[in-house]
Structure formats: structure tokens, C-alpha cells
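Me: Hi! Could you walk me through this fold while I have it open on my screen?

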Amino acid sequence: MRQEDVTFVVAGPVITLNGEKVTENLICDLNTQFPLSKVILTTWNGEKLPANGKYHPVVSNDPGTLEVVGLIGVNAWRMIYSMQQAIEVTDTRYLFRLRSDMLISKRLFTKLMKYHPNSDKITIFWHSAPF
């Protein structure tokens with residue numbers, strides 16, 4: 001898998017925490033570590049878009065949460081909707097979806113690209129937030 005065949009989709013609100021521009025730093029890190037890959041930021045109307053970093057913004061109305069009996073506001077609908085919006089503007093073969101509050105490991109992505117060089121299989125990675 002070549003870098004130019006990959007789009008990183010950063011999905012969620014634009015996060016600044018204690019003065020640190022978390023989402024902007026993520027986008028800039030992706031630009032630095034994967035300079036041939038594309039980056040899409042998919043977020044909601046009203047979010048202040050990062051000033052730095054090379055990315056394609058996809059701004060949509062927030063569809064809200066999916067109400068499931070016994071649970072309070074599941075974000076599944078937001079995740080599905082934001083990925084649908086990103087897929088519509090993507091022209092690369094592979095997409096990696098990242099939360100807008102994540103840190104990245106070039107080593108992990110490099111391994112994925114190496115061991116899945118031409119795979120057409122869909123792989124799902126489950127991420128649990130530490131909080």
C-alpha cells in the first residue's frame with residue numbers, strides 16, 4: 001500500500017484542550033509523517049476549522065445521536081454519517097478513520113500499509129476512549 005493510495009479521515013469536533021490544538025496537531029502530524037497521503041477533516045457546522053495543516057474540510061449539519069433503548073445518545077449515526085460524507089469526496093483506494101482527538105503512531109500505520117499492500121478486505125479496528 002502506497003501513501004498516495006491512502007486518505008486519512010479525521011472525524012469529529014475540532015478539539016482544543018488546555019490551549020493545545022489537538023485536532024490541528026493531528027492533521028499536521030499526518031501531513032509530516034505521510035506527506036503523499038490525503039487528509040480529510042469531517043466535522044460539524046459551527047466548528048472553527050484549523051488554520052494550519054493541509055486537509056480537505058467536509059462540514060455538515062450534525063445529525064445528532066442515535067437513540068437506542070436503554071442507552072443514552074449513541075454516536076453511531078454521527079460516525080456513519082461523517083464517513084459517508086468523507087467517502088463521497090475521496091478518490092483514493094484506502095481510508096483510515098481517526099477520531100479528531102487521537103494521537104498517531106507512524107509505526108502502526110506503516111505496518112498496516114506493509115502487511116496489507118493490495119488487500120480489498122475491509123478491516124475494522126475498535127477503539128475505546130481512555131476516559
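Below we chat through the sheet, the helix across it, a pocket and a few residues.

Reply: Happy to! Keep in mind that this is a predicted model.

Me: Thanks. What order do the strands of the open sheet have, and what pairing?

Reply: There are 4 strands in this open sheet, in the order β5-β4-β1-β6, and the pairing is parallel.

Me: And which strands stand at the edges?

Reply: Those are β5 (56-60) and β6 (94-99). Each has a single partner strand, so one side of each is left without a neighbour in the sheet.

Me: How many degrees are neighbouring strands turned against each other?

Reply: On average 20°, with direction ignored.

Me: Let's go pair by pair. How many bridges join β1 to β6?

Reply: β1 (residues 6-11) and β6 are joined by 6 bridges and run parallel. As an example, F8 has F96 as its bridge partner in β6.

Me: What about β1 and β4, how many bridges there?

Reply: That pair has 5 bridges, and the two strands run parallel. F8 turns up again, since it stands opposite V39 in β4.

Me: Which leaves β4 and β5. How many bridges join them?

Reply: 5 bridges join β4 to β5, again in a parallel run. One residue to click on is T42, whose bridge partner in β5 is V58.

Me: Is β4 mostly covered or mostly open?

Reply: Mostly covered: of its 7 residues, 6 are buried.

Me: Back to β6 for a second. Which of its side chains are buried, and which are not?

Reply: The side chains alternate along β6. Y94, F96 and L98 point to one face and are buried, while L95, R97 and R99 point to the other face and are not buried.

Me: Nice, I can follow that on screen. Now the helix: which strands does α2 lie across?

Reply: Helix α2 (residues 76-88) lies across β1, β4 (38-44), β5 and β6, and runs at about 135° to β4.

Me: I'm looking at Q85. Where is Q85 found, and what is it in contact with?

Reply: Q85 is in helix α2. Leaving out neighbours within four places in sequence, Q85 is in contact with T42, V58 and S60. The C-alpha atoms of Q85 and S60 are 8.1 Å apart, although the two residues are 25 residues apart in sequence.

Me: Why does Q85 count as buried?

Reply: Because its relative accessible area is 16%, and buried means under 20%.

Me: Let's switch to β1. What does T7 touch?

Reply: T7, which sits in strand β1, touches K38, I40, T90, T92, Y94, L95 and F96, not counting residues up to four places away in sequence. T7 is buried, with a relative accessible area of 1%.

Me: And A11, buried or exposed?

Reply: A11 is also in β1, and at 5% relative accessibility A11 counts as buried. Not counting residues up to four places away in sequence, A11 touches T42, S82, R97, L98, R99 and S100. From C-alpha to C-alpha, A11 and I40 are 8.2 Å apart, with their positions 29 residues apart in sequence.

Me: Different topic: how much space lies in the second largest pocket?

Reply: About 160 Å³. The second largest pocket is lined by 13 residues, and the closest to its centre are S37, K38, V39, K54 and Y55.

Me: Which element gives the largest share of that lining?

Reply: β4 does, with 3 residues. By type, the lining of the second largest pocket divides into 5 nonpolar, 5 polar and 3 charged residues.

Me: Last one, N18. Where is N18 found, and what is its phi?

Reply: N18 lies in the loop between β2 (16-17) and β3 (20-21). Its phi is near 55°, a positive value in a residue other than glycine.

Me: Why does N18 count as exposed?

Reply: N18 counts as exposed because its relative accessibility is 79%, and exposed means over 50%.

Note on methods:
Residues are numbered from 1 along each chain as its sequence is written. This is a predicted model: local features need pLDDT of at least 70, side-chain atom pairs count only at pLDDT 80 or more; totals for chains, interfaces and linings use all residues. Side-chain values use heavy atoms; hydrogens and water are left out. Buried means under 20% relative accessible area, exposed over 50%, partly exposed in between (1.4 Å probe, protein chains only). Two strands pair if DSSP finds at least two bridges between them. Axes are lines fitted to C-alpha atoms, for helices over the stretch in contact, and angles run from 0 to 180 degrees between N-to-C directions. Contact means heavy atoms within 4.5 Å. On a 1 Å grid over the protein atoms alone, a cavity is a set of points where a 1.4 Å probe fits but cannot get out, and a pocket is an open set with protein on both sides within 12 Å along at least five of seven lines; lining residues have an atom within 4 Å of a point. Grid points are joined across faces, edges and corners, and a volume is the space filled by probe spheres set on the points. Ala, Val, Leu, Ile, Met, Phe, Trp, Tyr, Cys and Pro count as nonpolar, Asp, Glu, Lys and Arg as charged, and the others, Gly among them, as polar.
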